[in-house]
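Work through the following exercises with the sequence and the three-dimensional view side by side, and try each task before you read its solution.

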Amino acid sequence: MADNNASDIRSVAVLGTGIMGAAMARNLARAGLDVRVWNRTRARAEPLAADGVRVTDTPAEAVDGADAVLTMLLDGPAALDALRQAASALPSGALWLQMGTVGAEGLAPLAGFAAEHGLRFVDAPVLGTKDPAEKGELTILAAGPQEVRERAERIFGIVGSSTRWVGEDAAGGAASRLKLVVNTWVLTVISGTGESLALAKGLGVDPRDFLAAVAGGALDLPYLRLKSELILSENYPASFTVSAARKDARLITEAARDAGVHVDLLAAAAERLRRAEQQGHGDKDASAAYYAGFDD
């Protein structure tokens, strides 16, 4: 398999077809690639068949003969488990694009597995949620050797609109560490939005007055608007769920602790997410952490 030839990518196995993985698989199939998928709950992957995607029963079936494997699973252990199930069918030299948020610690066992099985490993977590995933407009934070980048970008160019390469060594964790830094900001904004609107309700302030007060100024930002509208409409279609956000908060706090950094705001956001999940909002968009501002 020629690592420097992007045309070598004809078939892709996507392991994990949740909100993000399903959108990626659909876009890859629409781009003319042979796409086969596996999801722990097969029923959630079945709708992809209408887009020409082959739904398989096992990770091994999905990866058999694939030029590239894309994992978009909840965390490092889930990705490692899927690849272990697929080990007997993994083609030697296949490109493995790890695109979930696994954290630096979760990445090490994945890199070790890739080395052991002769896979060309790229760590490539993404920025974006459901809408940009469906539009193929994700931002990809990638680390991997120069010789596989053209092949990786054959896929990145379909699922995303931009790729930022931040390192040569995927195992070094540069991409996953950057993703944790970005998600610290994401969770801070989500938490701040929810707390501000909750306080407005508690104080009898019209939340629209709050949004009007910051409109167009240095305190305004699109993400504030996006999450505020979900809260005000009391409608939380999942793009980045409370439970997934709580998992990311855990990865961030663990990484910060190991680095000797205090992330007090993030720790508070994690507690809000925990309360919201306990209140039964785990499958809703993370903005539903708004409800953590009130007693049950």
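The exercises below concern a predicted model, and each one is followed by a solution in steps.

**Exercise 1. Two helices that cross**

Task: Determine how helix α1 and helix α7 are oriented relative to each other, and which residues meet where they touch.

Solution: Begin by locating the two helices, since α1 covers residues 19-30 and α7 covers residues 146-159. Next, consider their axes, which come within 9 Å of each other and cross at roughly 105°. Angles of 65 to 115 degrees count as roughly perpendicular, and therefore α1 is roughly perpendicular to α7. Then look at the contact itself, where M24, N27 and L28 of α1 meet I155, I158 and V159 of α7. Finally, sort these residues by class: the contact of α1 with α7 has five nonpolar residues, one polar residue and no charged residues.

**Exercise 2. The nonpolar cores**

Task: Find which elements supply the largest nonpolar core, and describe the surroundings of M99 and T71.

Solution: The largest nonpolar core has 37 residues, and those with the most contacts inside it are L28, M99 and F156. Several elements each supply at least two residues of this core, including the strands β1 (11-15), β2 (34-38) and β4 (68-71) as well as the helices α1 and α7. Of the contributors, α1 gives the most, with seven residues. A second, separate core of 28 residues includes V63, A66, L110 and L119.

Now turn to M99, whose contacts, when residues up to four places away in sequence are not counted, include M24, L70, T71, I140, F156 and V159. One of these partners, T71, has its place in strand β4. Because its relative accessibility is 0%, T71 counts as buried. Leaving aside its neighbours within four places in sequence, T71 is in contact with L15, L83, W96, L97, Q98, M99 and G100. As a last step, compare sequence with space: T71 and A25 are 46 residues apart along the chain, and their C-alpha atoms are separated by 11 Å.

**Exercise 3. Helix α11 and its buried side chains**

Task: Check whether the span of α11 agrees or disagrees with its number of residues, and then name the helices against which its buried residues pack.

Solution: The helix has 18 residues, and at 1.5 Å a residue it should span 26 Å, because the expected span is 1.5 Å times one less than the number of residues. The end C-alpha atoms of α11 are 25 Å apart, which agrees. The next step is to list the buried residues of this helix, which are V242, A244, A245, K247, D248, A249, L251, I252 and A256. These buried residues pack against α5 (103-116), α8 (174-203) and α12 (264-281).

Take A256 as an example from this helix. Its relative accessible area is 9%, so A256 is buried. Apart from residues up to four places away in sequence, A256 touches V261 and V263. The C-alpha atoms of A256 and L180 are separated by 9.5 Å, although these two residues are 76 residues apart along the chain.

**Exercise 4. Positive phi and partial exposure**

Task: Locate E234 and state the sign of its phi, then decide whether E234, L226 and I19 are buried, partly exposed or exposed.

Solution: Most residues other than glycine have a negative phi. E234, however, has a phi near 55°, a positive value in a residue other than glycine. E234 is found in the loop between α10 (222-233) and α11 (242-259), and because its relative accessible area is 62%, it is exposed. A positive phi of about 75° is also taken by G260, just after α11.

Next comes L226, which has its place in helix α10. L226 counts as partly exposed, because its relative accessibility is 46%. The C-alpha atoms of L226 and V261 lie 30 Å apart, with their positions 35 residues apart along the chain.

The final residue is I19, found in helix α1, and at 31% relative accessibility I19 also counts as partly exposed. When residues up to four places away in sequence are not counted, I19 touches K130, A238, S239 and T241.

Note on methods. Residues numbered from 1 in each chain as written. Predicted model: local features only at pLDDT ≥ 70, side-chain atom pairs only at ≥ 80, totals over all residues. Heavy atoms only, no water. Axes fitted to C-alpha atoms, helices over the stretch in contact; angles between N-to-C directions. Helix = DSSP H or I, 4+ residues; strand = E, 2+ residues; numbered from the N terminus. Parallel < 35°, antiparallel > 145°, perpendicular 65-115°, else oblique. Contact = heavy atoms within 4.5 Å. Nonpolar A, V, L, I, M, F, W, Y, C, P; charged D, E, K, R; others polar. Buried < 20%, exposed > 50% of the residue type's maximum accessible area, 1.4 Å probe, protein only. Core = buried A, V, L, I, M, F, W, Y, C linked by side-chain atoms within 4.5 Å.
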